Every structure is written in structure tokens, then in C-alpha cells.
Amino acid sequence: MQEGIEDKFTRLADMWERETQFVSSLGDIVTHRAHLQIVAMGLDVIPLILNRMQKKPGLWFDALCFLTRDNPVTDDIRGDIRAMTDAWLEWGKRNGYC
């Protein structure tokens, strides 16, 4: 039986968060195999990422930048995870993803 996109995303996102929760290197976090597999799933995961961010902010910014070819995070909020998350959630609303 083939795994559905939501189930696959959730499995990989849970794995990524679990296996990188104590990793301090952003490079290691965003090149983790589960994160790369999520990005490889393509545009269909954008609403799934944004929905997950609504519930629990996380380091999804690189994935979203890559998938959307956009970045609503301005210099004045860079580094503020909550503000960066809010900027992406607003972007998602404006672009019909959430």
C-alpha cells in the first residue's frame, strides 16, 4: 500500500524534528535526510508545512524559501523564530495556502 502525502509528510517531519532536536548546526538540520525528502515532495507540502508551523513553530524557513522561490522574512525580524513564522503564515494566507 502506498503512503499518502500527508502521512508521509507527518512521518518525515516527526523524524526530522526528533532527530535534530539537539543539533545546533543549522546546516546539519536542513540537510537531514528527512528534511530533504520533504522538500523533494514538492509544492504539495507547502500547506502541510504551514499548517504544522501554526501548531508548532520550527525551522521550516529554508524549505519554504526553496519550494516557493519567495521569502517574506525581512531583515528586521531575521532570527526571531516567532516573527519569522508569523511572516510565513501571513504569506500562506495571501497566497491561498492556509
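**Exercise 1. Locate H32 and describe its surroundings.**

Solution. Start with the position: H32 sits in the loop between α2 (26–30) and α3 (33–40). Helices here are DSSP runs of H or I with at least four residues, numbered from the N terminus. A word on the ground rules: this is a predicted model, in which local features need pLDDT of at least 70 and side-chain atom pairs count only at pLDDT 80 or more, while totals for chains, interfaces and linings use all residues. Residues are numbered from 1 along each chain as its sequence is written, and side-chain values use heavy atoms, with hydrogens and water left out.

Next, the accessibility. H32 has a relative accessible area of 11%, so it is buried. The scale is: buried under 20% relative accessible area, exposed over 50%, partly exposed in between, with a 1.4 Å probe and protein chains only.

Last, the partners. Setting aside neighbours within four places in sequence, H32 is in contact with M15, W16, E19 and T20; contact means heavy atoms within 4.5 Å.

**Exercise 2. Find the aromatic pairs and classify two of them.**

Solution. Searching the whole structure gives four aromatic pairs. The rings considered are those of Phe, Tyr and Trp (its six-membered ring), with centres within 6.5 Å; planes under 30 degrees apart are stacked, over 60 edge-to-face, and the rest tilted.

Take F9 and W60: the ring centres are 5.6 Å apart and the planes stand at 35°, so this pair is tilted. F9 belongs to helix α1 (residues 5–20) and W60 to the loop between α4 (46–55) and α5 (61–68), so the pair ties together parts 51 residues apart in sequence. F9 is buried at 3% relative accessibility, and W60 is buried at 0%.

Now W88 and W91: with centres 5.2 Å apart and planes at 65°, the pair is edge-to-face. Both residues lie in helix α6 (residues 81–94), three residues apart, about one turn of the helix. Both are also buried.

To finish, look for a cluster: F9, W16 and W60 form one.

**Exercise 3. Follow W60 into the nonpolar core.**

Solution. List the contacts of W60 beyond four places in sequence: F9, A13, W16, E17, H35, I38, I49, R52 and M53.

Then turn to the largest nonpolar core, which has 29 residues; F9, I49, M53 and W60 have the most contacts inside it. Such a core is a set of buried Ala, Val, Leu, Ile, Met, Phe, Trp, Tyr and Cys residues joined through side-chain atoms within 4.5 Å. Helices α1, α3, α4, α5 and α6 each supply at least two residues of this core, and α6 gives the most, with six. As background, nonpolar side chains tend to be buried together in soluble globular proteins.

**Exercise 4. Check the spans of α1 and α6, and name what each packs against.**

Solution. The expected span of a helix is 1.5 Å times one less than its number of residues.

- For α1, 16 residues should span 22 Å, and the end C-alpha atoms are 22 Å apart, which agrees.
- For α6, 14 residues should span 20 Å, and its end C-alpha atoms are 20 Å apart, which agrees.

Next, the buried faces. In α1 the buried residues are F9, L12, A13, M15, W16, E17 and T20, and they pack against α2, α3 and α4. In α6 they are A83, M84, T85, A87, W88, L89, W91 and G92, packing against α4 and α5. After α6 comes G96, with a positive phi near 75°.

**Exercise 5. Characterise R69.**

Solution. R69 is in the loop between α5 and α6. Its relative accessible area is 65%, so R69 is exposed. Its phi is near 60°, a positive value in a residue other than glycine. Finally, R69 lies over the face of F66, 4.7 Å from the ring centre; the test asks for NZ of Lys or CZ of Arg within 6 Å of the ring centre and within 35 degrees of the ring normal.

**Exercise 6. How many disulfides are there, and why is C65 not bonded to C98?**

Solution. The search of the whole structure finds zero disulfides, a disulfide being a pair of cysteine sulfur atoms within 2.5 Å. The closest cysteine sulfur to that of C65 is in C98, 15 Å away, which is too far for a bond. For accessibility, C65 is partly exposed at 22%, and C98 is partly exposed at 41%.
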